[in-house]
Amino acid sequence: MTTPPPSGTETAHQESPYKGKTGLRRVWNALHYSLAGLSAAYRHEDAFRQEVLLAALLLPLALWLPATGVGKAMMVASVLLVLVVELLNSAIEATVDRVSLENHRLAKRAKDIGSAAVLISLINVALVWGLVLLGTS
């Protein structure tokens, strides 16, 4: 006789004791984890602080510049994307460093690929802003 598979909640608890929260409690916990992550990134990551400063300048400018609503949305989204990619890159770097601080080709590759993602997101800002602003002339 076979044992039935565990329910979703039992499986979640086997994976992590923090999984399995539902409803408003999960949303509340997720909000606190997200704010802790933003705070940690701001405290410990120079690049994130620099990009937050860039966003603080560009986001109001995007809303002020003469562009269509869609253009403004694209400009804002491109700037926010940089922050998202930087957060993911910082998470990759922290994870790699947690595993080992020794120089290893795979660790370098992971960090370099994360850095490349940030670079592409920054190039995206320049392209989106250029296309939106040149298209409104």
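A nonpolar core is a set of buried residues of the kinds Ala, Val, Leu, Ile, Met, Phe, Trp, Tyr and Cys that are joined through side-chain atoms within 4.5 Å. With that idea in hand, we can walk through this structure, which is a predicted model.

The protein chain has five helices and zero strands, and, read along the sequence, its pattern is α-α-α-α-α. Of the 137 residues in the protein chain, 23% are buried. When contacts between residues at least 6 apart in sequence are considered, 62% of them join residues at least 24 apart.

A good place to begin is helix H3, which covers residues 46–64. The 19 residues of H3 should span 27 Å at 1.5 Å a residue, and because its end C-alpha atoms are 28 Å apart, the model agrees with that expectation. The buried residues of H3 are Phe 48, Glu 51, Ala 55, Leu 58 and Ala 62, and the buried residues of this helix pack against H2, helix H4 (69–99) and helix H5 (105–135).

Which residues of the largest nonpolar core touch the most other members? Among its 15 residues, they are Leu 58, Met 75, Val 79, Val 125, Trp 129 and Val 132. The elements that contribute two or more residues to this core are H3, H4 and H5. Leaving aside residues up to four places away in sequence, Val 125 touches Leu 58, Ser 78, Val 79 and Val 82.

Charged side chains give another view, since a search of the whole structure finds three salt bridges. One of them joins Asp 97 and Lys 111, whose closest N and O atoms are 2.5 Å apart. Asp 97 lies in helix H4 and Lys 111 in helix H5, so this pair ties together parts that are 14 residues apart in sequence. Asp 97 is partly exposed, with a relative accessible area of 31%, and Lys 111 also counts as partly exposed, at 25%.

In helix H3, the side chains of Asp 46 and Arg 49 meet in a salt bridge (2.0 Å, N to O), and these two residues are three apart, about one turn of the helix. In helix H5, Asp 112 and Lys 108 are four residues apart, or about one helical turn, and they form a salt bridge with closest N and O atoms 2.5 Å apart. Asp 112 counts as partly exposed at 39% relative accessibility, whereas Lys 108 counts as exposed at 51%.

Finally, the surface carries a nonpolar patch formed by Trp 28, Leu 31, Leu 35 and Leu 38, which together have about 390 Å² of accessible area. Leu 31 belongs to helix H2 (residues 23–44) and is partly exposed, with a relative accessible area of 41%.

Conventions:
Residues are numbered from 1 along each chain as its sequence is written. This is a predicted model: local features need pLDDT of at least 70, side-chain atom pairs count only at pLDDT 80 or more; totals for chains, interfaces and linings use all residues. Side-chain values use heavy atoms; hydrogens and water are left out. Patches are made of residues with over 30% relative accessible area and no salt bridge: like charges are joined within 9 Å, nonpolar side chains (Val, Leu, Ile, Met, Phe, Trp, Tyr) within 5 Å. Accessible areas come from the Shrake-Rupley method with a 1.4 Å probe; for residues, only the protein chains shown count as cover. A salt bridge is a side-chain nitrogen of Lys or Arg within 4 Å of a carboxyl oxygen of Asp or Glu. Buried means under 20% relative accessible area, exposed over 50%, partly exposed in between (1.4 Å probe, protein chains only). The expected span of a helix is 1.5 Å times one less than its number of residues. Contact means heavy atoms within 4.5 Å.
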